[in-house]
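Me: I have a chain open on my screen and would like to learn how to read its features one by one. Could you walk me through it?

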Amino acid sequence: MPSESVAGFLDRAQASRVLFPEQVQQLITQPDMPQSDLNTFCEYLQTRGVLTRFQASALREHRGHELSYGGYPVVDEVGPCPGGTAYRALHPSLRTPIVLRRLSPEWFAPIDNPTNYLGRARAFGMLAHPNVVPLLDAGTQGDQIYLVIDATHESADLETLSKEIGGAMPGFLAAEYGRGIASALRAAHEHGGTHGDVRPGNLVIGPLSTKTNAQGKARRRPTPDAVVRLAELGLVPMRPPVAAFPVNVSPYLPPERLDSPTHESRGDLYSLGATLYFLLTGRPPFSGDGPELVKKIRENAPTPLAQLRPDLPPEFVALINSVLEKSPDKRPQTAVEVEHALNKFCRQASAPSAPKMAPLAAPASAVGVNGYAAHGQPELVPVPDEGLPGADLSDEWGVSNTELASAQAGAASEPRKVRTMSTEEKRRSRMLLMLGGALHITAMLMLVLWLTGVFDRIGSSDEPEPETTKPTKKANDGGKPKKKA
């Protein structure tokens, strides 16, 4: 039997539901299990992926109550998140990975409150949409709100990924990502909600592949079937007007938010346009800190997109410019307008297929080193692209070097397709041309005849005009003529 210290540790692990009785039975029968030293025993469990360092420390310090929050087993601490701390956790029964956030009540000050925030989170964060990171649960424990969010594996936000890859994104890829986010915003707006903080850091793309370039440097990049998803929908708190508190100002903020605490749907569209500007240029529309950035957002125009990306179609540039109008009335009024407008600049769209059947709940012993159990993932239909199979996949944005080099060098857009005329259309065109030619010749001939005076001589004759007969004067007496004498 293990010593008392190890036995007490196992008892606390079972009481906190970190380990189950069957796991403990398996452990104590292992011939290589350390039975005397608790430090060695904890390292043994961590090496085999039975416990994480976070769990082991909490159990040893008699903080087992921290390993379950809102009924969700906590696996590890991720770190700070908006409003609090994020943890890796598991679904209570399925043992699938999730992200658990614990929010501090002070985060909602000065104009929001936990009740209103929780209502918005449940109303809009749980919208089912393929381009939204879903909120799975939201509730309270004590004086704190907790959020349960889907764990996005093999993914990264576009701000981080753009800096990691470097350079501007090809136009068609930015249009596809923008179209997906516009579709997600349309779903939220049609249900009466808004996002309030659309920016590259809240756009999650995945799955990713890791490639090593010729210099031996590994870089992540989206796979051909990668899907972009909007995070934090329904989770952005209400804030005072930015001009009154110019701290941590986002360069993607719509101008109307400078003087108003209200989030509007047209403000989301402006932020989407500013995000597309970033994806297409590698930099936000404006830069600076505090009051300087507020002044630029209010008064300045960004560097013309056509100047930075002369390879983009003029219609695409015009669309981005229209969404970035200072006045909300001059922008597109609905997300569906932006979604449809972006469609013409995309490749053929991809759509998620039906998800695979989820496996049965995995036992606790199946939790790996990172605290995750195997589970089904939706299978995505790849985007058909003739340039991708066998292409030189290096550091660029999911396309071959040739495609990206052409885009950055200002390559022209795709040539227009000429429609072939049918035989009947050709015959009709010839007849119209002949008729038009005849009418043109006739008109010119009539003009020449008129100028030479032919029309003036046609009505003239050599016969003298007949003499006119003078009328006979009537007598004054009764109107009869007088008799001669």
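Me: Which residue in the hairpin of β8 and β9 takes a positive phi?

Reply: Happy to help, and please keep in mind that this is a predicted model. The residue is Gly-216, with a phi near 85 degrees, and the hairpin has five residues between the strands.

Me: How many bridges hold β8 and β9 together, and in which sense do they pair?

Reply: β8 and β9 pair in the antiparallel sense, over nine bridges. For one pair to look up, take Thr-210, whose bridge partner in β9 is Arg-220.

Me: What is the order of the strands in the open sheet?

Reply: Read across the sheet, the order is β7-β8-β9, three strands with antiparallel pairing. At the edges stand β7 (156–157) and β9 (218–230); each has a single partner strand, so one side of each is left without a neighbour in the sheet. β7 is joined to β8 (residues 203–212) by two bridges, and on that side Asp-157 stands opposite Val-204 of β8. As a general idea, in a regular strand the side chains alternate between the two faces of the sheet.

Me: Which strands does α7 lie across?

Reply: α7 lies across β8 and β9, and runs at about 35 degrees to β9.

Me: Now the helices. At what angle do α7 and α8 pack?

Reply: Helix α7 (residues 171–190) and helix α8 (residues 265–281) pack at about 165 degrees, with axes 10 Å apart. An angle over 145 counts as roughly antiparallel, and α7 and α8 are therefore roughly antiparallel to each other. The crossing of α7 past α8 is right-handed. On the α7 side the contact includes Gly-171, Ala-174 and Ile-181, and on the α8 side it includes Asp-268, Leu-272 and Leu-279. By class, this contact of α7 with α8 has eight nonpolar, four polar and one charged residues.

Me: How does α7 cross α12, left-handed or right-handed?

Reply: The crossing of α7 and α12 is left-handed. The axes of α7 and helix α12 (residues 335–343) come within 8 Å and cross at roughly 160 degrees; α7 and α12 are therefore roughly antiparallel to each other. Among the contact residues are Ala-175, Arg-179 and Arg-186 of α7, with Val-336, Glu-339 and Leu-342 of α12. The contact of α7 with α12 divides into seven nonpolar, five polar and three charged residues. To see both contacts of α7, try Gly-178, Ala-182, Leu-185 and His-189, which are among the residues that touch α8 and also among those that touch α12.

Me: And which residues of α8 meet α11?

Reply: Leu-269, Tyr-270, Gly-273, Leu-276 and Leu-280 of α8 meet Phe-316, Ile-320 and Val-323 of α11. This contact has seven nonpolar residues, one polar and no charged. Here α8 and helix α11 (residues 314–323) pack at about 135 degrees, their axes 8 Å apart, which makes α8 oblique to α11. α8 passes α11 in a left-handed crossing. Two of these α8 residues, Leu-276 and Leu-280, also take part in the contact with α7.

Me: Before I trust every detail, where does pLDDT stay under 50?

Reply: Over residues 349–395, for which the model has 73 contacts beyond four places in sequence, and over residues 398–418, for which it has 25 such contacts. Where pLDDT is low, the predicted coordinates should not be read in detail. For the whole chain, the mean pLDDT is 80, and 78% of the residues reach 70 or more.

Conventions. Residues numbered from 1 in each chain as written. Heavy atoms only, no water. Axes fitted to C-alpha atoms, helices over the stretch in contact; angles between N-to-C directions. Helix = DSSP H or I, 4+ residues; strand = E, 2+ residues; numbered from the N terminus. Parallel < 35°, antiparallel > 145°, perpendicular 65-115°, else oblique. Left-handed = near helix turned anticlockwise from the far one by under 90°. Contact = heavy atoms within 4.5 Å. Nonpolar A, V, L, I, M, F, W, Y, C, P; charged D, E, K, R; others polar. Pairing = 2+ DSSP bridges. pLDDT = per-residue confidence, 0-100.
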